[in-house]
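Thanks for coming. I will go through one chain today, part by part. Please have a look at it first.

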Amino acid sequence: MTQLTSQHDAAGAVPENAAGGILHIDLDALASNWRTLRDNAGGAETAAVVKANAYGIGIEQAVPALGRAGCRTFFVAHLSEAIRARAVAPDATIYVLNGLFAGTGPTYAAHNLRPVLGSFEEIEEWAGFCRAENRKRPAAIHVDTGMNRLGLTVPQGLALRDRPEREDFETALLMSHFVSAEESDNPLNRQQIEAFEALRSSLPGIPASLPNSSGIFLNGKPPYDLVRPGYALYGGNPTPDRANPMKPVVGLEARIVQLRWVEADHTVGYNGRWLAVEKRRIATLSVGYADGYPRSSSARGRSGEDLLAGMTLVAGHPCPFAGNVSMDLITIDVTAVPENRIKRGDTVTLIGGDLTIDEVGRRAGTIGYEILTNLGARYARAYRGVQG
Ligand SMILES: *Cc1c(COP(=O)(O)O)cnc(C)c1O
């Protein structure tokens, strides 16, 4: 049964009627997105990437919701995130993507976590820890097939076969990561798959994992044994050149704190970067860049111009940003909305409807991933859906 509750994971809980912004998070949509990805994964196990506080939506809420949908394996970036995930998923398999920091073996063991090893130094460290404990603990090995960022090089990966330390621990997963899977015709995808195939055949019998969200939808990709979606779970479009197969998970509303008329030839906001060429009605919203809403969404130009800048929905009307985004406030041009349709205290939509996280990212000159992972701590968080 669906229930509507408000809860706050930050120390100071923010009641909805006192919050400048209200973040709506639909855990049923999250679970539904996981099932959609599983149904597209060609029989591979579908894990969930819940790094960065589950892309901003709350790791303590997301992990149990995904667990109830059937997810058994989770990936985070940091050891601290893994410990948070473990607290709400006692039986899950949890991998830490950012590698094994020196001396952290006992913490991994205490919480039954698995490092993703990306260098011979890390492999030696894990092997040494397992030898000292006389226990073959599981870990993943990450081979970099094109990103040039994290992981063993392909030649190092091919040399793994002959490394004696591999005997000291269990290689539970062989993984790599796509550079541009959202560009379905990028030749790098094929090159990475070929490099990964060579690694797989040199290390037979080890479960393999390559696709992220977009990788699941690549034509002709082998799904291997496990897929690692993140963004698509949270409603991001894994297929940017096609309609989004995912359900929206996140909605954001901002409260109107003031409404005013601005006369022609006056400017709005810091540094006077937006000019009212005629009389305009401005609404001031109680959200700003300190809430993680990007300042790069600022609207610099003249009223009525079609600027690539932030956008809102006010009583069903698209209303553009006006001027620079401030730390705690955003000003928007609501002239198009009939005067009696809005008043102080009303909320307007910043994320929702046509204002998808991808669109909000585009309008800020960034990607939806950054919009999600910056979702602010001052928002009231209203979770919809079954919670554990
Ligand atoms: C973040 C991450 C993912 C998830 O990628 P999405 O594009 O969000 O699906 C998968 N694998 C690795 C190694 C990652 O760092």
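One definition before anything else: helices (H or I, at least four residues) and strands (E, at least two) are DSSP runs, numbered from the N terminus. Residue numbers start from 1 along each chain as its sequence is written. This is a predicted model, so local features need pLDDT of at least 70 and side-chain atom pairs count only at pLDDT 80 or more, while totals for chains, interfaces and linings use all residues, and side-chain values use heavy atoms, with hydrogens and water left out.

I start with the overall layout. The chain is divided into domain 1, residues 41-234, and domain 2, residues 250-384; these bounds come from an automatic or database domain assignment. Their C-alpha centres lie 39 Å apart. How many residues of domain 1 are in contact with domain 2? The count is 9 residues of domain 1, in contact with 10 residues of domain 2, where contact means heavy atoms within 4.5 Å.

UniProt, in an unreviewed entry, has the annotation "domain: Alanine racemase C-terminal" over residues 249-384. UniProt positions are given here in the numbering used for this model, feature names are shortened, and annotations may be inferred rather than shown by experiment. Over residues 249-384 the chain is 10% helix and 35% strand. The C-alpha atoms at the two ends of that stretch are 10 Å apart.

Within that stretch, take alanine 283, in strand β15, residues 280-285. Alanine 283 counts as buried because its relative accessibility is 0%. The cut-offs are these: buried is under 20% relative accessible area, exposed is over 50%, and partly exposed is in between, with a 1.4 Å probe and protein chains only. Leaving aside neighbours within four places in sequence, alanine 283 is in contact with Ile256, Gln258, Leu259, Ile330, Thr331, Ile332 and Val334. Aspartate 333 is 50 residues from alanine 283 in sequence, and the two C-alpha atoms are 6.5 Å apart.

Next, the annotated sites. For "active site", the unreviewed UniProt entry lists Lys51 and Tyr270. They span 220 residues in sequence and the farthest two C-alpha atoms are 35.0 Å apart, so they do not all gather at one spot. Of these residues, Lys51 is included in the lining of the largest pocket, and I will come to that pocket shortly.

Lysine 51 is in helix α2. The unreviewed UniProt entry also gives Lys51 the annotation "modified residue: N6-(pyridoxal phosphate)lysine". Is lysine 51 buried or exposed? Lysine 51 falls in between: its relative accessible area is 27%, so it is partly exposed. Not counting residues up to four places away in sequence, lysine 51 touches Phe75, Val76, Ala77, Glu81 and Leu97.

Tyrosine 270 sits in the loop between β13 (267-268) and β14 (274-275). At 56% relative accessibility, tyrosine 270 counts as exposed. Outside its neighbours up to four places away in sequence, tyrosine 270 touches Asn324 and Ser326.

Now the pocket. A pocket is found on a 1 Å grid over the protein atoms alone, as an open set of points where a 1.4 Å probe fits, with protein on both sides within 12 Å along at least five of seven lines; lining residues have an atom within 4 Å of a point. The largest pocket holds about 830 Å³ of space. Grid points are joined across faces, edges and corners, and the volume is the space filled by probe spheres set on the points. It is lined by 32 residues, of which the closest to the centre are Lys51, Tyr55, His177, Asn212 and Tyr369. Two or more lining residues come from each of α2 (51-55), α9 (213-216), α10 (357-363) and α11 (368-373). Helix α10 gives the most, with 3 residues. Both domain 1 and domain 2 supply at least three residues to the lining.

Last, helix α3, residues 59-69: 8 of its 11 residues are buried, so the helix is largely enclosed by the rest of the structure. Among the buried residues are Ile59, Val63 and Leu66. What covers them includes α1 (27-39), α4 (79-88) and β21 (380-384). Glycine 70 follows α3, and its phi is positive, near 125°.

That is the end of my part.
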